[in-house]
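Biologist: I should like to understand the reasoning behind the terms used for this protein. Please set each value against its criterion.

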Amino acid sequence: MNKPPAAAFAFCLGAMSMIHCSSKNRAPAAIEDAGTSANREDLLLAIARAEDRRSAAEVPRDAANHPDPAVRRAAARALARILDADGAALLRALHDEDEEVVAWASYGLGESCNGHADYVSALAARLAFLASVSSSATIAAADDRRGEDPEIRAIRTILRATGRCGGNQAEQVLRTWLGAGQSHAQAAAFALGDVAAHRGSLATETVAALLDAAQGSSPVEAALYPFGRFEPSLSQSLAARLSAAARAATARPGPLRLFAVRALGRSGETGAIPELARLLSKSDSTVAERVEAVQALARLGKAGQAALSSVLVSSLPALVQDALGTGFAVLLTEVGALGHDLQEKAEAAFWEIARLQPPDSASSSSVRRVSALRCAAAKALARGAWDSDVLRRCDLGDGEVGERARLEAIERGSFGKARRAAWAELARGAHLRVREAALDAIAQHPELSETARALLAQSLSASEPGLVATAANLVRAHPDRVFVLAASERRAALDPRAPAPTGPATRELDGAVAEALRTALARPWRADLVETRVAVLDAALAIGLPEGRAYAEAACHDVNATVRARAAKALQGSGAAGATCAAPAQRADPAAEIGHERARPVRIEFETDSGVLALRLDPTFAPVAVSRVAALARSGFYVGLAFHRVVAGFVAQFGDPGGDGFGGSGDLLRCETSPLPFRAGSVGVALAGRDTGSSQMFVALARYPHLDGQYTWIGQAEGAWDAVAEGDVIQSVRVEP
């Protein structure tokens, strides 16, 4: 197998002078509190507690140079998750003789790279050293393992960490690794996707190198991934090369073909349209690939839309026949993509979809799917006529799908009296997610004025955390919407003797909104409702509510890192320049599971509206999360909960009792993130920031590298998760063993 060019090693080795590195030198001791006589089990337990408490000072000093690699791995993993401001211990661990210790160290450096340009040099130096001592046989073995082993590998992890750091030096280093063996070239391509997403661009030399890798004699399928992570502005020749490389890659089925489909849409080349249309009807295309093909065609202007319309018309009978299975996701995506600018050739198909009927004795799940399709088509046919019959009659179920469709139609026009009344009715209706969506409309419709303020006040006073958070986020983003003409100005306007105004009118905070926000600040929100807590904090400071500063200063000492970070940002935005929120001396208690974690995998089987689905959870890298989820499942917590978020071809998410994605079990679950890849069927813990997990999980429906390292990987799903639809309910749960 090829190694990176010699020039790459020269560049990397130049950085090695900054850090001593030897494969025979373990990292020196870092912190002392356990004593050299502590046995292995005591050390591992102390490390686990330190990690969960997010306290680098509590990681035993002995762990960093312990003769047992398992102890050193645990220490490096803990430091990588703690992300202490001082990365010295991770830099030392980067030169351990154990591959997994090096991997954890590099992962932690990549996650804490912001503001540390020296980390890129350190990672590059270690890469160069490992490459110089790796034999061709070792690299070949790594290639043989690709896509199969779940183990953490040093070089692959260092490459991804380099991408997380970003910058010109990182891009240069990664570009040279595109010529390495398949496994390492693939990791370099994924890392360049991180660079592209962070910066919004890639150098022309990098684009050319990616295309060379994609079009080589042994194509690197991942080389097309970065093109889906930014909006490439390519020359005509490079766009043609991208289209050609992607078209060739679509002929090679596999888990990475999805990147080729996405790249076809990003190429801007209308020559890609026939291949995208073929992918929609190919028997070996996955649901994710077909969904991506729909979106790619929609990106290619009128020609792409016309081709998509033709595909819909020709394939409609088959899609309708499978509308209650995996075909549902594809058909719903097609209707959504075409509905924004419905073409005449597709209108008859849309009417057919809008008149779909569920089968006799259909389940509630089947009715919900049919209603979703009917309402998606009706929304396009209504063309903004929110009170049209086709839209009013589209929902055959509990009405939520129809209300959301009507709300979208209402938002397409200016809010006159009738439209405003219809919006207000939905904003105060029975369906929580419709009410939250109605709040979002305020941002685009300043004409709602006093009606919007009244609704915001009502929502901020509500008990539903998602509704409060949605309203608070709107106040933060548009504080002007909750200020009114000052009372003195109103009195002057009514007084004929008052002098004419000479400057801008004085405005004051709406009293009802202020009182409602005070109520939200005073409410004792559960620890796991981090999104609501920080949203209320941000809103209070954005409008200058006096109580907001005290709330933010208290939050500055919160044990949760996300709460502290948001408090610091809000204080800075309100005029406290340089405000920082350091971790408090009093740390959170370690999770109750520590010391009692599951040691063996567990299988959780769900009987759902979509059929029998299962998760096989592995505690190797996330013992606390797996133990917590298994306990919740045994307790019956997940019974009766719905899949509240399903993005076709991307993820299926569940675990929120409130059903809107803002809630959890009541207890926080700190992150146990790792460099493990998120492939099709990978299970992760849903987050709203660092250490904000609770009971929500998601299943990835395809290979999505941007999830790698950002979420806690806890296992692999079994069953037809592609068939899950939003709103499907978990009927029963069984845990084995």
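Modeller: The secondary structure of the protein comes to 31 helices and 10 strands. The model is a predicted one.

Biologist: How do you know whether the overall size agrees with that of a compact globule?

Modeller: For 737 residues, a compact globule would have a radius of gyration near 27 Å, and the protein has 28 Å, so the two agree. Along the principal axes, the C-alpha atoms fill a box of roughly 85 × 65 × 60 Å. Of the 737 residues, 55% count as buried. Among contacts with a separation of 6 or more, 71% are accounted for by residues 24 or more positions apart.

Biologist: Why is R160 called buried?

Modeller: The term buried requires a relative accessible area under 20%. R160 has 15% relative accessibility and therefore counts as buried. R160 is placed in helix α8, which covers residues 154-165.

Biologist: What makes the pairing of the R160 and D708 side chains a polar contact?

Modeller: A polar contact needs a pair of N or O atoms within 3.5 Å. The side chains of R160 and D708 are joined at 2.9 Å, so the distance satisfies that limit. Leaving aside residues up to four places away in sequence, R160 touches A187, F190, A191, D194, P705 and D708.

Biologist: Why is E347 called partly exposed?

Modeller: Partly exposed lies between the limits of under 20% for buried and over 50% for exposed. E347 has a relative accessible area of 26%, and therefore is partly exposed. E347 is found in helix α18 (residues 344-354). Apart from residues up to four places away in sequence, E347 touches L342, L381 and R383. E347 and L381 are 34 residues apart along the chain, while their C-alpha atoms are separated by 7.7 Å.

Biologist: What makes R383, one of those contacts of E347, notable in its backbone phi?

Modeller: R383 has a positive phi of about 50 degrees although it is not a glycine. R383 lies in the loop between α19 (364-382) and α20 (389-392). The relative accessible area of R383 is 46%, so R383 is partly exposed.

Biologist: Which other residue has a positive phi although it is not a glycine, and how is its exposure classed?

Modeller: L83 has a positive phi of about 55 degrees. L83 is in the loop between α3 and α4 (88-93). With a relative accessible area of 25%, L83 is partly exposed, because that class begins where buried, under 20%, ends.

Biologist: Where does the second largest pocket have its centre, in terms of the closest residues, and what is its volume?

Modeller: The second largest pocket has a volume of about 1,400 Å³. Its lining consists of 42 residues, and those closest to the centre are I82, L83, A561, A565 and R690. The elements giving two or more residues to this lining are α3 (69-82), α5 (99-111) and α30 (561-573). The most comes from α30, with 4 residues. By class, the lining divides into 20 nonpolar, 11 polar and 11 charged residues.

Biologist: How do you know which class of exposure A550 belongs to?

Modeller: A550 has a relative accessible area of 48% and is therefore partly exposed, because the exposed class requires over 50%. A550 is placed in helix α29 (residues 546-555).

Biologist: What is the form of the peptide bond from E736 to P737?

Modeller: That bond is cis, with omega near -5 degrees. P737 is in the segment after β10 (730-736).

Conventions: Residues are numbered from 1 along each chain as its sequence is written. This is a predicted model: local features need pLDDT of at least 70, side-chain atom pairs count only at pLDDT 80 or more; totals for chains, interfaces and linings use all residues. Side-chain values use heavy atoms; hydrogens and water are left out. On a 1 Å grid over the protein atoms alone, a cavity is a set of points where a 1.4 Å probe fits but cannot get out, and a pocket is an open set with protein on both sides within 12 Å along at least five of seven lines; lining residues have an atom within 4 Å of a point. Grid points are joined across faces, edges and corners, and a volume is the space filled by probe spheres set on the points. Ala, Val, Leu, Ile, Met, Phe, Trp, Tyr, Cys and Pro count as nonpolar, Asp, Glu, Lys and Arg as charged, and the others, Gly among them, as polar. Buried means under 20% relative accessible area, exposed over 50%, partly exposed in between (1.4 Å probe, protein chains only). A polar contact is a pair of N or O atoms within 3.5 Å; within protein, one must be able to donate a hydrogen and the other to accept it, and residues adjacent in sequence count only if both atoms are side-chain atoms. Contact means heavy atoms within 4.5 Å. The radius of gyration is taken over C-alpha atoms; the globule rule is 2.2 Å times the number of residues to the power 0.38.
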